[in-house]
Amino acid sequence: MRFGYSTNAFVKFSLPEAIQKIAGLDFRAVEIMADRPHLYPPDFNEADLARLKGVLDDNSLTVTNLNSFTLFAVGDTYLPSWIEPEKERRKTRIRHTRACLKIADYLNCKNISVPPGGPLDGISRKIAMARFYRGLEKVVPLAESLDVKILVEPEPRLLLENTREFLDFIKDVQSAAVGINFDIGHFFCAGEDPGRAFETLFQWVGHVHVEDIAPDRSHNHLIAGQGAIAFPDVFKTMARLGYQGDISLELYPYVDIPEEAGRKSLSYLRPILLESGLKID
């Protein structure tokens, strides 16, 4: 299992600088933000991607996940989404996802994470689900041909935010190329026991996000150890089930102190991971 750190905490730095800083923290892997100011696909040609690969090799880092969730380059955290009314904006999300799949394949990364539909904003759930499925139908064949998984990431206040909603969604998906990016904190925010949720959803989990969350379960990513998540319980569940995927630390609120946040989280989590029986690189 590889333990990476997401570059989305390093948006005040260029992507090469972020990679160097993450390597300097003793991480062996990195999750890359597929958006500006890092790896927004239209900004990268073949030569740029080759140089990026060189930077990763020079820092002995591999890529745990291509984080294709946000679209700040042309919108914001959630928009353009899979489900909004304007067809052209939904097409933007589809084009972005297809481009991310190709880049992930180039970087030998086996998965990308995407938003769970998007904000409903008055759209009926039935219409939103239909749009989400139609969007996925445009990208799944490419994912299957590249053998790169599309991992839907449930998040508070979006179309899919908890175990029940993901199960209702995935039962009508006919491809093994679609799974879940299991964000431990998000399930805690949704009022669930993350360990139990992980066990229920285990067969679809392709990658894990980790951050802490305050006792009031508000959606604000915290340095590990500064919140209320019972990490030993979650990690023991993952070990018992034989989870073989990767984990990435996601601490985007800490853009002013990304190295300090990463260092403290790694120091807190590493012994818990090992005591739980999860071996990390």
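Here is a short walk through this predicted model, one selection at a time.

**Stop 1: asparagine 65.** Start by selecting asparagine 65, which sits in strand E3. Is asparagine 65 buried or exposed? With a relative accessibility of 0%, asparagine 65 is buried, because anything under 20% gets that label. Now show side chains and look for glutamate 31: its side chain and that of asparagine 65 are joined by a polar contact of 2.9 Å. Expand the selection to see what else asparagine 65 touches; leaving out residues up to four places away in sequence, you'll find Val30, Glu31, Ile32, Cys109, Asn111, Ile112, Ser113, His207 and His209.

**Stop 2: glutamate 84.** Next, follow the chain to the loop between strand E3 (62-67) and helix H3 (87-106), where glutamate 84 is found. Glutamate 84 has a relative accessible area of 8%, so it counts as buried too. Which residues does glutamate 84 touch, not counting those up to four places away in sequence? Light up Leu79, Arg89, Arg90, Ile123 and Arg131. If you'd like a sense of scale, draw a distance from the C-alpha atom of glutamate 84 to that of leucine 241: you should get 37 Å, for two residues 157 apart along the chain.

**Stop 3: the nonpolar core.** In soluble globular proteins, nonpolar side chains tend to be buried together. Here, the largest nonpolar core has 89 residues, and those with the most contacts inside it are Phe3, Tyr5, Ile32, Phe169, Phe182 and Phe235. Color helix H4 (residues 125-146) as well, since that helix gives the most to this core, with 10 residues.

**Stop 4: phenylalanine 235.** Finish by zooming in on phenylalanine 235, whose contacts beyond four places in sequence are Ile184, Val210, Leu269, Ile272, Leu273, Ser276 and Leu278.

Notes:
Residues numbered from 1 in each chain as written. Predicted model: local features only at pLDDT ≥ 70, side-chain atom pairs only at ≥ 80, totals over all residues. Heavy atoms only, no water. Helix = DSSP H or I, 4+ residues; strand = E, 2+ residues; numbered from the N terminus. Buried < 20%, exposed > 50% of the residue type's maximum accessible area, 1.4 Å probe, protein only. Contact = heavy atoms within 4.5 Å. Core = buried A, V, L, I, M, F, W, Y, C linked by side-chain atoms within 4.5 Å. Polar contact = N/O pair within 3.5 Å; in protein donor to acceptor, adjacent residues only side chain to side chain.
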